[in-house]
Amino acid sequence: MDLLIGGIAAVGAGVFTNPLEVIKTRMQLQGELAAKGQYTVHYRNILSASYVIIKHDGILSLQAGLTPALWFQFVMNGTRLGTYQILYDKGYTKDKNGNSIFYKSVLVGGVCGMLGAWTGSPLYLVKTHLQAQAAKEIAFGHQHNHEGAWQAFKHIYNAQGIKGLFRGGASSMPRAFSGSTSQLTSFSYCKEWLLNYPTFQNSPVLTAFVASMTSGVVIGLCMTPFDLIALRLYNQGVDANGKGLLYNGYLDCVGKIWSAEGFLGFYKGLSASYIRLGPHTVLSLVFWDKLKDLFNNNNNNNNHIY
């Protein structure tokens with residue numbers, strides 16, 4: 001049930017934040033391997049990007065890749081949050097007195113994130129391809145030109161098999177570890193700290209909201225570079241043998257971004273990343289907390305009846 005609760009919570013958040021994910025994807029691909037000033041800037045900020053995308057691709061394009069995105073959220077976060085909750089309940093993040101241990105929280109949160117990311121990698125691949133597709137006037141990065149999610153899965157599988165569907169999966173590991181551990185660790189610690197104050201002790205929704213907003217800031221700063229690297233590797237074109245056309249691997253991607261775009265290139269799209277991660281973190285963690293409360297209350301009521 002913990003896996004199902006985690007998945008449902010993330011899907012609920014994904015419905016609202018997918019347009020922000022589309023904008024973030026476009027901004028992170030903008031000027032790929034080009035120095036500042038050497039490419040046309042189509043996506044200047046969130047509002048500008050929204051206008052440009054709607055103008056050239058239509059308003060529905062803001063929900064591009066929604067189906068694989070929601071399935072990815074369900075599979076990835078169902079695995080991640082559900083596994084984390086199981087390990088948390090068994091005390092793997094605490095000492096014998098029930099106090100959270102930082103390094104244990106970091107390791108458990110990170111490993112759960114990596115497990116979820118690998119499980120959902122094919123869905124993330126297709127989601128990325130669909131969200132990156134744009135009219136040629138505003139396109140950056142490789143354009144895969146899929147006609148839809150199912151056609152994308154079929155095309156990739158026919159060309160490269162199961163291995164092709166998991167292409168880029170290794171690059172999701174650092175992204176998932178940094179994102180998951182920074183989110184879950186900061187959320188847990190902040191929530192525990194807030195519960196020391198009477199205002200929050202009787203306000204579970206407010207507590208979850210404040211803790212998740214704080215978590216959103218932390219995850220945005222920690223995960224954006226890894227998110228950008230993974231996005232570039234997932235979206236790059238491949239030859240007939242499945243070899244990347246731009247990058248030979250993770251370290252090659254890091255080196256080329258550093259050389260062409262500099263340190264700030266790794267934080268391209270940071271504002272869009274936080275504006276997407278902030279609400280998504282808030283919604284998914286608040287939904288997660290409330291669904292757990294509902295399930296636990298229902299169990300308690302059933303136990304009382306019988």
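**Entry 1: Trp-118**

I began with Trp-118 and listed its contacts (heavy atoms within 4.5 Å). Setting aside residues up to four places away in sequence, Trp-118 touches Phe-166, Gly-169, Ala-170 and Met-173. I then noted that the model is predicted: local features need pLDDT of at least 70, side-chain atom pairs count only at pLDDT 80 or more, and totals for chains, interfaces and linings use all residues. Residues are numbered from 1 along each chain as its sequence is written, and side-chain values use heavy atoms, with hydrogens and water left out.

Trp-118 sits in helix H4, residues 102–119. For helices and strands I used DSSP runs numbered from the N terminus (helices are H or I with at least four residues, strands are E with at least two). I looked up the cover on this side chain, with buried meaning under 20% relative accessible area, exposed over 50% and partly exposed in between (1.4 Å probe, protein chains only). Trp-118 has a relative accessible area of 42%, so I entered it as partly exposed. I also took one distance: the C-alpha atoms of Trp-118 and Ile-156 are 17 Å apart, with the two positions 38 residues apart along the chain.

**Entry 2: the whole chain**

I counted 11 helices and 0 strands in the chain. Read from the N terminus, the order of elements is α-α-α-α-α-α-α-α-α-α-α.

I checked the radius of gyration, taken over C-alpha atoms, against the globule rule of 2.2 Å times the number of residues to the power 0.38. The chain has 20 Å, and a compact globule of 306 residues would have a value near 19 Å, so the two agree. Along the principal axes, the C-alpha atoms fill a box of roughly 60 × 40 × 35 Å.

I found that 51% of the 306 residues count as buried. Of the contacts between residues at least 6 apart in sequence, 77% join residues at least 24 apart. The chain exposes about 14600 Å², with carbon and sulfur atoms supplying 64% of that area (Shrake-Rupley method, 1.4 Å probe; for residues, only the protein chains shown count as cover).

**Entry 3: cores**

I searched for nonpolar cores (sets of buried Ala, Val, Leu, Ile, Met, Phe, Trp, Tyr and Cys residues joined through side-chain atoms within 4.5 Å). The largest has 18 residues, and those with the most contacts inside it are Ile-23, Met-27, Tyr-43, Ile-53 and Ile-138. Helix H1 (2–29) and helix H2 (46–57) are the elements that give two or more residues to this core. A second, separate core has 13 residues, including Val-126, Leu-165, Ala-230 and Tyr-234.

I followed Ile-53 further. Apart from neighbours within four places in sequence, Ile-53 contacts Val-22, Ile-23, Arg-26, Tyr-43, Gly-58, Ser-61, Leu-62 and Ile-138.

**Entry 4: Lys-127 and Gln-133**

Is Lys-127 buried or exposed? I found Lys-127 buried, because its relative accessible area is 3%. Lys-127 belongs to helix H5, residues 121–132. Leaving out neighbours within four places in sequence, its contacts are Glu-21, Gly-65, Pro-68 and Ala-69.

I placed Gln-133 in the loop between H5 and H6. Gln-133 has a relative accessible area of 19%, so I entered it as buried. Not counting residues up to four places away in sequence, Gln-133 touches Arg-26, Asp-57, Gln-143, His-144, Asn-145 and His-146. The C-alpha atoms of Gln-133 and Leu-251 are 26 Å apart, and the two residues are separated by 118 residues along the chain.

**Entry 5: positive phi**

I noted Asn-145 again for its backbone: its phi is positive, about 55°, although it is not a glycine. Asn-145 lies in the loop between H5 and helix H6 (149–165). Its relative accessibility is 58%, so Asn-145 counts as exposed.

Leu-33 also has a positive phi, near 55°, in a residue other than glycine. I located Leu-33 in the loop between H1 and H2. Leu-33 is partly exposed, because its relative accessible area is 27%.
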